[in-house]
Amino acid sequence: MKTSRLKIAIQKSGRLNEDTLKILKECGISIENGSDQLKASASNFPVEVLFLRNSDIPQYLSDGVADIAIIGENTLIEKKPELEVLEYLGFSKCRLSIAFPKGEKYEGIKSLNGKKIATSYSNTLKRYLEKNQVQAELHEISGSVEIAPNIGLADAICDLVSSGSTLFKNGLTEQEVILTSQACLAVSPAISDENQQILDKLLFRLRSVLKARKSKYILLNAPNNKIEAISKILPVLKSPTVLPLAEEGWSSIHSVIDKDKFWEVIDELKENGAEGILIVPIEKMVL
Ligand code: AMP
């Protein structure tokens, strides 16, 4: 009997591809053939990876050709906003923004009235303009949107921004953020019960990886009379592990800490007698 395989659509090449393969690998899914083929099976987990054009992925999900996809939320919202996102993955962060030529007067969203805006995201922009009761003319182009004002094609643009350097280089100023986006895991409404079970296993792994990415393991030494104060500073999962040191009156305290909180608490830990502080990466967190 043929065993069922969960079909995962990912970007064939481009910005999302590398981080997508990396997170799948961290979930224990090794894909042998790389991205030079259209599809590849994992040897150690019942999944088949489909390497597709980014902009085609929402349609394949809708049709049930793929069961799940790892895709930029911006593409999903543009093409198939009704599809369900199961998890946000924390990479490929960007925003969809409206930008005007530098120095041009901008007095809020109403300044867009009567303007010609070049974009590859016309559905998302149309919805945004309608919501804000703005009448503008949209000019749909598929790439190099940022040069449109320079060549007289449009008054403004609506495009993806991450660092802002492309806008800067083209003499544009970001005026309105209409959407923030990151890579996400979206699911097809047509997924079978069998593949849903495989997806549940994958989601469990994925969430363990994501939790671990957000956390660090912290080890420190402290005098015993400071254990209580230090434990209160550490935003711990449960209670910290406290182990006696060979030196009388001292203990080693171990805990898990939010990676973004570490620098906030470090001074407080030192003031409360913590010494020999070590911060170690965590590979997986199964709670
Ligand atoms: P690509 O087809 O390789 O250009 O990848 C496009 C996807 O990468 C977009 O749909 C976004 O989800 C994501 N992305 C992240 N930052 C940016 C950016 N500054 N410009 C374009 N795409 C970005």
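Two strands count as paired if DSSP finds at least two bridges between them. The model used in these exercises is predicted.

**Exercise 1. The five-stranded sheet**

Task: Work out the strand order of the open sheet of five strands, and state which strands stand at its edges.

Solution.
Step 1. The order is β8-β7-β9-β6-β10, and the pairing is mixed.
Step 2. At the edges stand β8 and β10; each has a single partner strand, so one side of each is left without a neighbour in the sheet.
Step 3. From one strand to the next, the twist averages 25°.

**Exercise 2. Strand β6 and its partners**

Task: Describe how β6 pairs with β10 and with β9, naming residues that stand opposite each other.

Solution.
Step 1. Take β10: β6 and β10 run antiparallel and are joined by eight bridges. Phe 100 has Thr 173 of β10 opposite.
Step 2. Take β9: its pairing with β6 is antiparallel too, over five bridges. Ile 98 has Cys 158 in β9 as its bridge partner, and Ser 97 has Asp 159 in β9.
Step 3. Now consider burial, which means under 20% relative accessible area. Of the eight residues of β6, six are buried, so β6 is largely enclosed by the rest of the structure.

**Exercise 3. The two faces of helix α4**

Task: Decide which residues of α4 are buried, how they are arranged around the helix axis, and what covers them.

Solution.
Step 1. Helix α4 spans residues 122-131, and its buried residues are Ser 122, Thr 124, Leu 125, Tyr 128 and Leu 129.
Step 2. Looking down the axis of α4, these buried residues fall within an arc of 160°, so they line one face of the helix.
Step 3. The face turned away from the buried side carries Glu 130 and Lys 131, which are exposed.
Step 4. The cover over the buried residues of α4 includes α3 (73-79) and the strands β6 (94-101), β7 (116-119), β8 (137-140), β9 (156-161) and β10 (172-181).
Step 5. Just after the helix, Gln 133 adopts a positive phi of about 50°.

**Exercise 4. The four-stranded sheet and its helices**

Task: Give the order and edges of the open sheet of four strands, then place helices α6 and α8 against its strands.

Solution.
Step 1. The strands follow the order β13-β14-β12-β15 with antiparallel pairing.
Step 2. β13 (241-244) and β15 (275-281) stand at the edges with a single partner strand each, so one side of each is left without a neighbour in the sheet. The average twist from one strand to the next is 20°.
Step 3. Inside this order, β12 (residues 215-223) pairs with β14 (residues 250-258) in the antiparallel sense over nine bridges. Asn 221 stands opposite Ser 252 in β14.
Step 4. Helix α6 (residues 193-214) packs on the sheet and touches β12 and β14, its direction making about 45° with that of β12.
Step 5. Helix α8 (residues 262-271) lies across β12, β14 and β15, and runs at about 160° to β15.

**Exercise 5. Domains**

Task: List the domains of the protein chain and say how many Å separate the centres of domain 2 and domain 3.

Solution.
Step 1. The domain assignment gives domain 1 (6-91 + 183-212), domain 2 (94-181) and domain 3 (215-281).
Step 2. Taken over C-alpha atoms, the centres of domain 2 and domain 3 are separated by 48 Å.

Notes. Residues numbered from 1 in each chain as written. Predicted model: local features only at pLDDT ≥ 70, side-chain atom pairs only at ≥ 80, totals over all residues. Heavy atoms only, no water. Buried < 20%, exposed > 50% of the residue type's maximum accessible area, 1.4 Å probe, protein only. Helix = DSSP H or I, 4+ residues; strand = E, 2+ residues; numbered from the N terminus. Arc of directions from axis to C-beta. Contact = heavy atoms within 4.5 Å. Axes fitted to C-alpha atoms, helices over the stretch in contact; angles between N-to-C directions. Domains from an automatic or database assignment.
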